[in-house]
Each structure stands twice: as structure tokens, then as C-alpha cells.
Amino acid sequence: MRAEQFSDVVTGHGEGPVWWPDAGLRVCDGFAGRIRSLDDDGRVTGDVRVGSFVGAFRPRTGGGLVAAAERSFVLVDADGSVEDLGEVWSSDRLRMNDGGCDPQGRFCCGSMTYAGDSPEGVLYRLSPGGRVDAVMGGLRTPNGMVYAADGRTAYFIDTPTHQVRGYDVDDDGEWRDHRVVADLGDAWPDGMTIDVEGNLWVALWGDGTVVCVDPGSGRELERVEVEGATQTSACTFGGPDLDRLYVTTSDQGGSGGPHAGAVFVATPGVRGVLPTPFAG
């Protein structure tokens, strides 16, 4: 299957796409520190700047957004005002990367060194009251967190492992024993989303593709090709019927291809699910 180009080049380092009713598609422009809104024709209709960097965001139940800035969590109100909740750490060697909300509406995001060359990353969790907890350490490039429909399994990627791992989730929402649900060989898995059938759609950085895998067997079910942009960074389902797969791309390092930074779209014949919003 081949994805079509949906937008012009609208980001430098495109990441973290989210589609939401009444808001449409929004994507992170990472090193510009802004979240860009796109209309149904792929045109930019607005920006929210949250800092010098933005790795991920989610809608809030009361309107607005929660976002992961360079070293902090940020709340954006419905009127666009931005509140930085303060640095989670002080070292300028690390930044936030990818994240999402758990079924309890808590926003989780992982940190990494800028070079991604050391296991200093930590998965942090922001609760609605503002408390920040460290959930898991020893990460290099945390990416692609999604939950199974019943909330009992969390799927997570630490890119240099070349794997998607499944974690058992207990009644308190804590992650327990993990298993490998997909081994992607030499590929570099990045952002990820899930469809209504429970299959995982994983963007492969440097490969110009998104693969769909069955987490039960690890088998590849589908492959989406993105022409002209090799650094496929993340994906999400969107549109009124949640049947369009939007794919972000990046020109980080200046070697992403002639259409790097554009958003692409495919219609794979399956519906996705809306992400859980932040409960704060």
C-alpha cells in the first residue's frame, strides 16, 4: 500500500500526530517547539508554541492540551495560554520525546539524551493534580506508547531494541512483566498507534514505511510505503470515521528526502481508536 502526500512540508521534525473531533489533525514540529493544526486539505490553520521543543501532546478533557516540552510538562488552555509546570530535570543533555495517556488519563512521556546514545532516559507520568512520577528508567529512545482496548496491556517501544514490547498492567495502572510482541529485525521502530482490531501500526524511522503487526503473533500484516520521505516518525488514525492513517515525517539531520516534513495519508481499510485525553 502506498501513502499519498497530504500536506506540503509543514514541519522540520514532524512527530506525534493526533486527530481529535472538532479539532482535526495536529502535529508536533519538534525542534520548532510548536504544535501545528491542519485542515482537511492539509493546510496549516494555526500554531501553538509550547517552548524550545515539543515531543508529544494530548487533548485535555476540559479543553486545551497537555504537552511535553524540552524538560517539562506544559498545559495549554482552550484560549491558547500556556502554563509550564516546571523542569522535571535540569540536565541540558536530555529532552522529552514521545508519549501518550494511560486509561486513567495520566500523561506519560519518555526522556532521552539528544544523541540517543546512552540509557539515561526515563518514562515520566504526569497525574491530573500535577504530580510527576518516574515509571521506568534505563531507556535510550522511548517511543510509541499505546494501550490495548481493555487497558490490561501497554505496548511500548525503546527504539534501539528494534522491538515492540507488551507490559502487563495491574489494577492500579502500573506496568509489570513485559514480553516481546514484535521483533522488527534491523528496523528502527518509532511512533505507533493501534486499530480497533488490536493491531499495531508502527512507523519505521529511516525506512520510509509504516508496518502493521499482530501483537499476538508478531506477524506483519500490512506495509504502507511513504515515497520521498525516509524518516517516517509516527502515525495516527483520523477523519470522521477514523479510517485514515496519517503519517508524520522528519528532515532531522537534513537527510529525510525531498518531501521530509510533509504529512502523508493512507486508507488501510480498518478503523483506529481515539487517544485517551489528559484528565487534568
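These are my notebook entries on a predicted model of a protein.

**Overall fold.** I began with the secondary structure. The protein has 24 strands and zero helices. I then checked the radius of gyration, which is 17 Å; the globule rule gives 19 Å for 280 residues, a close value, so the protein is as compact as a globular protein of that length. I also looked up the extent of the C-alpha trace, and along the principal axes it spans about 45 × 40 × 35 Å.

**Burial and contacts.** I asked what share of the 280 residues counts as buried. The figure is 57%, where buried stands for under 20% relative accessible area. For contacts I took residues at least 6 apart in sequence; 44% of these contacts join residues at least 24 apart.

**Surface and charge.** I noted an accessible surface of about 11,200 Å² for the protein. Carbon and sulfur atoms hold 43% of that surface. I counted 23 positive and 43 negative charges, and the mean positions of the two sets lie 2 Å apart.

**One hairpin.** I next went to strand 16, residues 163–169, and strand 17, residues 175–183. The two strands run antiparallel and are joined by six bridges. I looked up which residue in strand 17 stands opposite Gln-163. The partner is Asp-183. Between the two strands of this hairpin I found five residues. In this hairpin Gly-173 has a positive phi, near 85 degrees. For reading side chains along such elements, I keep one general point in mind: in a regular strand they alternate between the two faces of the sheet.

Definitions and conventions:
Residues numbered from 1 in each chain as written. Predicted model: local features only at pLDDT ≥ 70, side-chain atom pairs only at ≥ 80, totals over all residues. Heavy atoms only, no water. Helix = DSSP H or I, 4+ residues; strand = E, 2+ residues; numbered from the N terminus. Rg over C-alpha atoms; globule rule 2.2 N^0.38 Å. Buried < 20%, exposed > 50% of the residue type's maximum accessible area, 1.4 Å probe, protein only. Contact = heavy atoms within 4.5 Å. Areas by Shrake-Rupley, 256 points an atom, 1.4 Å probe, with all protein chains shown as cover. Lys, Arg positive; Asp, Glu negative; His and termini not counted. Charge placed at Lys NZ, Arg CZ, Asp CG, Glu CD. Pairing = 2+ DSSP bridges.
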